[in-house]
Each structure stands twice: as structure tokens, then as C-alpha cells.
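Thanks for coming, everyone. Please take a look at the structure before I start.

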Amino acid sequence: MDVEQLLANNRYWAESLRARDPDFFARLARQQRPEFLWIGCSDSRVPANEVVGLMPGELFVHRNVANMVVATDMNFLSVLQYAVDVLQVRQVIVCGHYGCGGVRAALGHEELGLIDNWLRALKALYHQNLQRFEGLDAEQQVNLLCELNVQRQVRNVCHTTIVQNAWRRGHRLAVHGWIYGLSDGLVKDLQVTVDDAAQLDATFLYDQ
Ligand code: CO
């Protein structure tokens, strides 16, 4: 497939949407009002809108390799701040996926290049939870680290002053941890939702 095909696909897609709803694009062009922020992996098999059945305009999206939340990542922080403070989203979803290549790489020892530095936090997470990996086969290890990573990134979102200040202002905001199965297309809620600073470890709380 070449890129010309993509442009043809696009024309077909836009025409089909307009046929169903003539005002669709005009309405969206005036304003976006998404209720959700999605933080997911760049993996091509986890297209954010599709897997949760949302249309353009309904999901604000940030994706990177292994759905990492890094406190010094200006790109991520800008997305989060805009989503929370300006768009006023009330639901933040960190969605990892089983079989994540980034997580798999972090469990291995092959030098892949710059990406090794991005994934180093996953090695630290594995190291902190070594006992939980005992007795697991390679695939189970990858999937456990995928889950632990989602839980960690949910916490990392909540440790930002962006989220803590929003809560302090009375902005109701919940941060969810989900994981997607490449083999069945299903999302599982890991039940690690945080919607209040009281659920966080005091070490990570900021006074004001
Ligand atoms: Co991935």
C-alpha cells in the first residue's frame, strides 16, 4: 500500500461521515469538548478511538512507547495540563497493553539505542518487584510488567502538580488504569483508579 491509498481512504472516510451527518466536521471545527484523556502506547495495534468506540472530538490522546508518564516530559505535561485545565476532562485513562514491545525490551538485555533510556524506568520497576516475577515464564513476565507499568503510570499522573492542583480546586478528576489485550481486542480495568489525593502516598503530596 502506498500513501496515495491513504489519501483515497481519507476522502472516502470524510464523505461517509458527512453522508451520515452533514454538519459533523463544521461542528467539530468550531470546538472540541472531549471528556476523556487517553494515555496509551504508540503501538499500531492499539488505536485509541477505535478500541473504545469514540468519534473524533471525543478523546484527547497522548501516546508514546510503553505509555510512560515521565515528570520531565514537556510534551506529556503540556497534554495533561491542557486536558485538565482547559478542556476540563474528568477522566484520565492510562491504557497499556499486553505483549508491549517496549516492556519486552526492558526485560531483555539487548541494546536498542536511544529507546533504552526511555525504557529504563521499566527496568527499575521490574527490579523493585523481582519476587513477583519468580516462577513466571517469559510471556507472563512481560504481561505482569505491563500491568505494573500501568499502575505506576496512574500514580505518576496523580503525582503531578497539575492533577493535585485540580483536585484542590474541586475539579472532579479520576485517573484509571486499563490494559488492552492484543489477542482479543478487550480492555480490562485494572481497578487502580485514583480520584482523590488521600489515596496517594504522603511522600508525593504537595502543600499549598
Ligand atoms: Co506497547
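Let's begin with a rule about helices. An α-helix has 3.6 residues a turn, so residues three or four places apart point the same way. Keep that in mind. One caution too: this is a predicted model.

Now find helix H4, residues 74–86. Which residues of H4 are buried? They are Phe76, Val79, Leu80, Ala83 and Val84. These residues cover an arc of only 110° around the axis, which puts them on the same side of H4. Turn to the other side of H4, and you meet Met74 and Asn75, which are exposed.

What covers the buried residues of H4? The cover includes two strands, E1 (36–41) and E2 (59–64). It also includes two helices, H8 (138–158) and H9 (161–168).

Next, the length of H4. It has 13 residues, and at 1.5 Å a residue they should span 18 Å. The end C-alpha atoms are 17 Å apart, which agrees.

Look at the ends as well. Asp73 caps the N-terminal end of H4. One of its side-chain oxygens lies 3.0 Å from the backbone nitrogen of Asn75. After H4 comes Gln88, with a positive phi, near 60°.

Helix H1 can be read in a similar way. Its 18 residues should span 26 Å at 1.5 Å a residue, and its end C-alpha atoms are 26 Å apart, which agrees. The N-terminal cap here is Asp2. A side-chain oxygen of Asp2 lies 3.1 Å from the backbone nitrogen of Glu4.

Now the metal. Which residues coordinate the cobalt ion? Cys41 does so through SG, His97 through NE2 and Cys100 through SG. The distances run from 2.0 to 2.3 Å. Along the chain, the donors follow the spacing C-x55-H-x2-C. Cys41 lies in strand E1 and His97 in strand E3 (residues 91–97), so this pair ties together parts that are 56 residues apart in sequence. Are Cys41 and His97 buried or exposed? Both are buried.

On to the aromatic rings. How many aromatic pairs does a search of the whole structure find? Four. One of them is Trp13 with Phe25, and it is edge-to-face. The ring centres are 5.6 Å apart, with 65° between the planes. This pair links distant parts of the chain: Trp13 is in helix H1 (residues 3–20), Phe25 is in helix H2 (residues 24–30), and they are twelve residues apart. Trp13 counts as partly exposed, at 40% relative accessibility. Phe25 is partly exposed too, with a relative accessible area of 25%.

Another edge-to-face pair joins Tyr126 and Phe133. Here the centres are 4.8 Å apart and the planes make 75°. Tyr126 is partly exposed at 25% relative accessibility. Phe133, by contrast, is buried, with a relative accessible area of 3%.

There is a cluster as well. Ring pairs link Trp13, Phe24 and Phe25.

Last stop: Leu205. Where is it? Leu205 lies in the segment after strand E5 (187–189). Leu205 is partly exposed, with a relative accessible area of 33%. Leaving out residues up to four places away in sequence, Leu205 touches Gln164, Ala197 and Leu200. Compare its position with Met68: the two are 137 residues apart in sequence and 20 Å apart in space, C-alpha to C-alpha.

That's the tour. Over to you for questions.

Notes: Residues numbered from 1 in each chain as written. Predicted model: local features only at pLDDT ≥ 70, side-chain atom pairs only at ≥ 80, totals over all residues. Heavy atoms only, no water. Phe/Tyr/Trp six-rings, centres within 6.5 Å; stacked < 30°, edge-to-face > 60°. Helix = DSSP H or I, 4+ residues; strand = E, 2+ residues; numbered from the N terminus. Buried < 20%, exposed > 50% of the residue type's maximum accessible area, 1.4 Å probe, protein only. Expected span 1.5 Å × (residues − 1). Arc of directions from axis to C-beta. Contact = heavy atoms within 4.5 Å. Polar contact = N/O pair within 3.5 Å; in protein donor to acceptor, adjacent residues only side chain to side chain. Donors = N, O, S within 2.8 Å, 3.2 Å for Na, K, Ca; no water.
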